[in-house]
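Please work through the exercises below with the sequence and the model side by side, and try each task before reading its solution.

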Amino acid sequence: QVQLVESGGGLVQPGGSLRLSCVGSGFPFHFFHMSWYRDPPGKERELVASIRAIGGTTTYGDSVQGRFFISRDNPKNTVYLQMNNLKPEDTAVYYCGRGGYEVGIMNWGQGTQVTVSS
């Protein structure tokens, strides 16, 4: 069974940083693109970042460009989202997804809450 487990969320003040982790199992991790999406309160789910299975090419949503960085460690079956200079509008539930780019998201994790507030 495919499983994606996010961790690393929490409460942080504006300007702070967090690193989210997503551990995948039940599939050959290194063969799949991976993505991060988020659900801001009252808004539709939006793309945060994606990383390709081969070559490590990355893509970012406009709202996080230059602040967030996606990376992966295939031997650990883990994809990371480094979030810097966090803003209140970054408050959301963040979801790890298997897929992205020319293929859709095939599976979602349970999500992890990120709250940016003073």
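The exercises that follow concern a predicted model, and each is solved step by step.

**Exercise 1. Find how many disulfides the structure holds, and describe which parts of the chain are joined.**

Solution. Begin with the count: a search of the whole structure finds 1 disulfide. Next, identify the partners, which are cysteine 22 and cysteine 96, with a distance of 2.1 Å from S to S; this agrees with the cut-off of 2.5 Å for a pair of cysteine sulfur atoms. Then place the two residues: cysteine 22 belongs to strand β3 (residues 18-25) and cysteine 96 to strand β9 (residues 92-100), so the disulfide ties together parts that are 74 residues apart in sequence. For the handedness, take the torsion about the S-S bond, which is about -80°, so the disulfide is left-handed. Finally, consider the surroundings: cysteine 22 has a relative accessible area of 0% and is therefore buried, and cysteine 96 also counts as buried because its relative accessibility is 0%.

**Exercise 2. Work out the order of the strands in the open sheet of 4 strands, and how they pair.**

Solution. Reading across the sheet, the order is β1-β3-β8-β7, and the pairing is antiparallel. The edges are then β1 (3-7) and β7 (68-73), each of which pairs on one side only. Ignoring direction, neighbouring strands of this sheet are turned by 15° against each other on average. As a closer look at one pair, β7 and strand β8 (residues 78-83) run antiparallel over 6 bridges, and within this region phenylalanine 68 stands opposite methionine 83 in β8.

**Exercise 3. Decide whether threonine 112 is buried or exposed, and list what it touches.**

Solution. First locate threonine 112, which is found in strand β11 (residues 112-116). Its relative accessible area is 11%, so threonine 112 is buried, given that the cut-off for buried is under 20%. Leaving aside residues up to four places away in sequence, threonine 112 touches Glu6, Ser7, Gly8, Gly9, Leu20, Ala92, Val93 and Tyr94. For glycine 9 there is a further detail, since a polar atom of the threonine 112 side chain lies 3.2 Å from the backbone nitrogen of glycine 9.

**Exercise 4. Describe where methionine 34 lies, and how far it is from tyrosine 101 in sequence and in space.**

Solution. Methionine 34 is placed in strand β4 (residues 34-39), and its relative accessible area of 0% makes it buried. Along the sequence, methionine 34 and tyrosine 101 are 67 residues apart, whereas in space they are 9.0 Å apart, C-alpha to C-alpha.

Terms used:
Residues are numbered from 1 along each chain as its sequence is written. This is a predicted model: local features need pLDDT of at least 70, side-chain atom pairs count only at pLDDT 80 or more; totals for chains, interfaces and linings use all residues. Side-chain values use heavy atoms; hydrogens and water are left out. Buried means under 20% relative accessible area, exposed over 50%, partly exposed in between (1.4 Å probe, protein chains only). A disulfide is a pair of cysteine sulfur atoms within 2.5 Å. A polar contact is a pair of N or O atoms within 3.5 Å; within protein, one must be able to donate a hydrogen and the other to accept it, and residues adjacent in sequence count only if both atoms are side-chain atoms. Contact means heavy atoms within 4.5 Å. Two strands pair if DSSP finds at least two bridges between them. Axes are lines fitted to C-alpha atoms, for helices over the stretch in contact, and angles run from 0 to 180 degrees between N-to-C directions.
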